[in-house]
Amino acid sequence: MQLLWPTTPAEPVSDADLERLYGYPEGLNRPWVQVNFVSSADGAVAVDELSEGLSSPADKRIFLMGRLLSDVILVGAGTARAEGYRGARITPERAARRVSLGLAEVPPIAVVTRSGELDPEGPLFTDTKVPPIVITTGKAPVAALERAGAEVLVAGTEDVDLHRALALLNDRGLRRIDCEGGPKLFADLIAADLVDQLCLTVAPLLAGAGERRIADGRPSPEPRRMDLASVLFEDGFTMLRYRRREGG
C-alpha cells in the first residue's frame with residue numbers, strides 16, 4: 001500500500017507531462033480506444049443530465065489533451081444531443097502541435113447512432129471545420145445527413161457492430177480513438193472488449209440517487225482487469241488513468 005495524498009507538494013504538471021502520460025502507443029497498427037469520463041464520488045455521470053456540473057479546470061485539461069492527441073473523437077448520439085456537440089475547436093497553437101505530431105489539424109467527431117436520428121441542421125453539422133462521421137446501421141435514413149456533409153459509415157444492419165465500426169475508422173487511418181461517452185456506448189465498448197484505456201476524473205461531490213453511472217446498458221461477459229497507470233490530483237479532483245493489462 002502506498003500513500004498518494006496528502007504528500008509534500010510536487011511540481012505542477014506541465015502540458016508536456018500530460019502529453020507523455022496520455023500519449024497513444026507508438027507505431028499503432030490497430031484501433032486503440034481511450035475513454036474519457038468524469039463522475040461524482042458516488043459514481044454519477046452527470047448533474048442535471050450534463051457532465052459540466054462535475055467538471056473542473058484540471059478535468060478540462062485532461063479532456064482537451066485527449067482531443068489534442070487523437071485521430072478521431074468518438075461519441076454516442078445521446079451524448080452528442082444532450083451536450084450540444086459541435087465540431088472540435090482547436091486554437092492555432094494546438095493545430096500546429098497536432099501537425100507536428102503527424103496528425104490532421106482538427107480531429108473529426110464520429111457519432112455512433114443505431115437509428116440515424118441526428119439533426120442535419122444542428123451544430124455538429126453546421127459549426128465545424130471538418131465534416132462529422134456518422135457510424136450507423138443499414139436501416140438508418142442517412143440521405144439528409146450526407147447532404148449536410150457527413151461521411152456515413154454503415155457498421156451493421158440492425159445494430160452498430162463496434163468491431164466493424166473501428167475497422168472502418170482504421171481503414172481511414174483513424175486509429176487513435178478518443179471516446180467521450182456516453183454511458184451506453186461505454187458499456188457496449190466494454191462488452192465488446194475494446195477499451196484500451198480509461199481516463200476517469202472523480203469529482204469531490206455526492207450527486208445522490210437518480211443519475212446514470214458511467215457504464216449503463218449492455219452487460220459485459222466478464223470483468224476486465226485494468227492496471228492503474230497514473231494518478232493526478234487538483235483541488236479535490238482525482239484524475240485516474242487505467243490501461244488494459246498487458247497480455248490481457
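Okay, quick definition to start: helix axes at under 35 degrees count as roughly parallel, over 145 as roughly antiparallel, 65 to 115 as roughly perpendicular, and the rest as oblique. Keep that in your heads for a minute. And remember, what we're looking at is a predicted model.

So, take helix α2, residues 57-68, and helix α4, residues 92-100: their axes come within 10 Å and cross at roughly 45°. By those cut-offs, α2 and α4 are therefore oblique to each other. Who makes the contact? On the α2 side you've got Leu64, Met65, Arg67 and Leu68, and on the α4 side Arg94, Arg97 and Arg98. That contact breaks down into 3 nonpolar residues, 4 charged and no polar ones.

Right, on to the cores. The largest nonpolar core has 32 residues, and the ones with the most contacts inside it are Val35, Leu74, Ile135, Leu169 and Leu189. Strands and helices both feed into it: among the elements giving two or more residues are β1, β2, β4, α7 and α8. The largest share, 5 residues, comes from α7. There's also a second, separate core of 20 residues, including Leu118, Phe125, Val142 and Val152.

Let's zoom in on Leu74. Beyond its neighbours within four places in sequence, Leu74 touches, among others, Ala110, Val112, Ile135, Ile177 and Leu185.

That last one, Leu185, takes us to helix α8, residues 183-191, where the buried residues are Pro183, Leu185, Phe186, Ala187, Asp188 and Leu189. So yes, there's an Asp on that buried list. After α8 comes Asp193, and its phi is positive, near 60°.

Notes: Residues are numbered from 1 along each chain as its sequence is written. This is a predicted model: local features need pLDDT of at least 70, side-chain atom pairs count only at pLDDT 80 or more; totals for chains, interfaces and linings use all residues. Side-chain values use heavy atoms; hydrogens and water are left out. Buried means under 20% relative accessible area, exposed over 50%, partly exposed in between (1.4 Å probe, protein chains only). Helices (H or I, at least four residues) and strands (E, at least two) are DSSP runs, numbered from the N terminus. Axes are lines fitted to C-alpha atoms, for helices over the stretch in contact, and angles run from 0 to 180 degrees between N-to-C directions. Contact means heavy atoms within 4.5 Å. Ala, Val, Leu, Ile, Met, Phe, Trp, Tyr, Cys and Pro count as nonpolar, Asp, Glu, Lys and Arg as charged, and the others, Gly among them, as polar. A nonpolar core is a set of buried Ala, Val, Leu, Ile, Met, Phe, Trp, Tyr and Cys residues joined through side-chain atoms within 4.5 Å.
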